[in-house]
Amino acid sequence: MSRLALKSVSCMSVCLMLTLSALSSVQAQTANPSSSDEIAKYRQMLADGNPAELWEMRGQELWQKKLGPNQQSLEQCDLGKGPGVTKGAYAELPRYFKDTNKVMDLEQRLMHCRINLQGLTPEQARKTPFGSAGNPSDIEALVAFLTAESRGMKLAISTKHPAEKQAYEIGKKIFYYRAGSHDFSCASCHSSDGQRIRLQDLPNLNNKTNAQAAYSTWPAYRVSQGEVRSMQHRLNDCFRQQRFPVPDYASDTITALTMFLAKSADGAVMNAPALKR
């Protein structure tokens, strides 16, 4: 990415953070009962200039660029709809892959392709999964591009294969499993209506409409972090907040939980990468 593009991202991030901060402050002071609606309207206005577009463009370049010891691009990577097919692929992930005999989410599958097509080692393929200032993540850029390729399409998550059904059931158990110093589970925050942290609503993921609205807007550009964050990052952060050990990147644990969440949101129209606080 050019220096000009990076500066644009930085400026946009600062402006967005300052404006959202001001909005939250005013709403907190006035105790407006419709604050959630106002935040939603404001996010919609900001979405017209979502900085995630810069990640999408960089991700497309990385998808087409010859890299690694094999000097190959990812254009022959099979995301489930055939080698090189990106349109609508994310809307059907996680899914069972015959060549690996396992269910994989997008980031697991990208690792597989980077190793087997480009010749990277597992360590190289998972390097810098989450970007930070001055240290961008190739993975997050690729995820942004591939997610955008399903924008406007409906989630169609299969649980027909026994491995897919098993992944769903394991993910469901993880969602409800309580442990850790706080005796929390994912369901502690996301299984009833009306819960919130400060001005942030916590969606009830047992409600299909809420599950669809939540899942279909990840990955997302996080204004507070100035980065596009993938589903892996979102779920890892949830484990951290529950005081659980954070699973390894691209682990089967995260894939199973993603399968449960994706199936719960089945039929949603994808609108990611979206914009989050």
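Pro94 sits in the loop that runs between helix H3 (52-64) and strand S1 (95-97). In this predicted model, the peptide bond leading into that proline, from Leu93 to Pro94, is cis, with omega near 0°. A cis peptide bond also joins Trp218 and Pro219, again with omega about 0°. Here the proline belongs to the loop between helix H9 (208-215) and strand S5 (220-222). For context, most peptide bonds are trans, and most residues other than glycine have a negative phi.

That brings up the backbone angles that go against the usual sign. Thr128 has a phi near 50°, a positive value in a residue other than glycine, and is placed in the loop between helix H5 (122-125) and helix H6 (138-148). Ala250 is another such case, with phi near 60°. The loop holding Ala250 connects helix H10 (231-241) and helix H11 (252-264). Ala250 counts as buried because its relative accessibility is 12%, and the cut-off for that label is under 20%.

Next along the chain comes H11 itself. The helix has 13 residues and reaches 18 Å from its first C-alpha to its last, close to the 18 Å expected at 1.5 Å a residue. How much of H11 is buried? The count is 10 of the 13 residues, so the helix is largely enclosed by the rest of the structure. Among the buried ones are Ile254, Leu257, Met259, Phe260 and Leu261, along with smaller-named entries on the list such as Ala256, Ala262 and Ser264.The list also includes Thr255 and Thr258.

Aromatic rings come next. By the pairing rule used here, the count comes to seven aromatic pairs. One of them is Trp63 with Phe145: the ring centres are 6.3 Å apart and the planes stand at 55°, so the pair is tilted. Trp63 lies in helix H3 and Phe145 in helix H6, so this pair ties together parts that are 82 residues apart in sequence. Are the two partners buried or exposed? Trp63 is buried, at a relative accessible area of 4%, and Phe145 counts as buried too, at 7% relative accessibility. Phe239 and Phe244 form a further pair, with centres 6.0 Å apart and planes at 40°, so this one is tilted as well. Phe239 counts as buried at 5% relative accessibility, and Phe244 does so at 15%. Elsewhere, ring pairs link Tyr168, Phe175, Tyr176 and Phe260 into a cluster. Phe260 is also one of the buried residues of H11, which puts that helix in the aromatic cluster through this ring.

Back in the loop between H9 and S5, Ser216 is worth a look. Ser216 counts as buried, with 6% relative accessibility. Which residues does Ser216 touch, leaving aside its neighbours within four places in sequence? The contacts are Ala268, Val269, Met270, Asn271 and Ala272. The C-alpha atoms of Ser216 and Pro273 are separated by 8.7 Å, although the two residues are 57 apart along the chain. On the polar side, an atom of the Ser216 side chain lies 2.7 Å from the backbone oxygen of Gln212.

Finally, the cysteines. A search of the whole structure finds one disulfide. Cys77 and Cys113 form it, with their sulfur atoms 2.1 Å apart. The link is right-handed, with 75° about the S-S bond. Cys77 lies in the loop between H3 and S1, while Cys113 is in helix H4 (residues 106-116), so the pair ties together parts that are 36 residues apart in sequence. Both Cys77 and Cys113 are buried. What about Cys186? Cys186 is in no disulfide, and the nearest cysteine sulfur, that of Cys238, is 6.3 Å away. Cys186 counts as buried, at 10% relative accessibility. Cys238 is likewise in no disulfide, with the sulfur of Cys186 as its nearest cysteine sulfur.

Conventions. Residues numbered from 1 in each chain as written. Predicted model: local features only at pLDDT ≥ 70, side-chain atom pairs only at ≥ 80, totals over all residues. Heavy atoms only, no water. Helix = DSSP H or I, 4+ residues; strand = E, 2+ residues; numbered from the N terminus. Buried < 20%, exposed > 50% of the residue type's maximum accessible area, 1.4 Å probe, protein only. Expected span 1.5 Å × (residues − 1). Phe/Tyr/Trp six-rings, centres within 6.5 Å; stacked < 30°, edge-to-face > 60°. Contact = heavy atoms within 4.5 Å. Polar contact = N/O pair within 3.5 Å; in protein donor to acceptor, adjacent residues only side chain to side chain. Disulfide = S-S within 2.5 Å.
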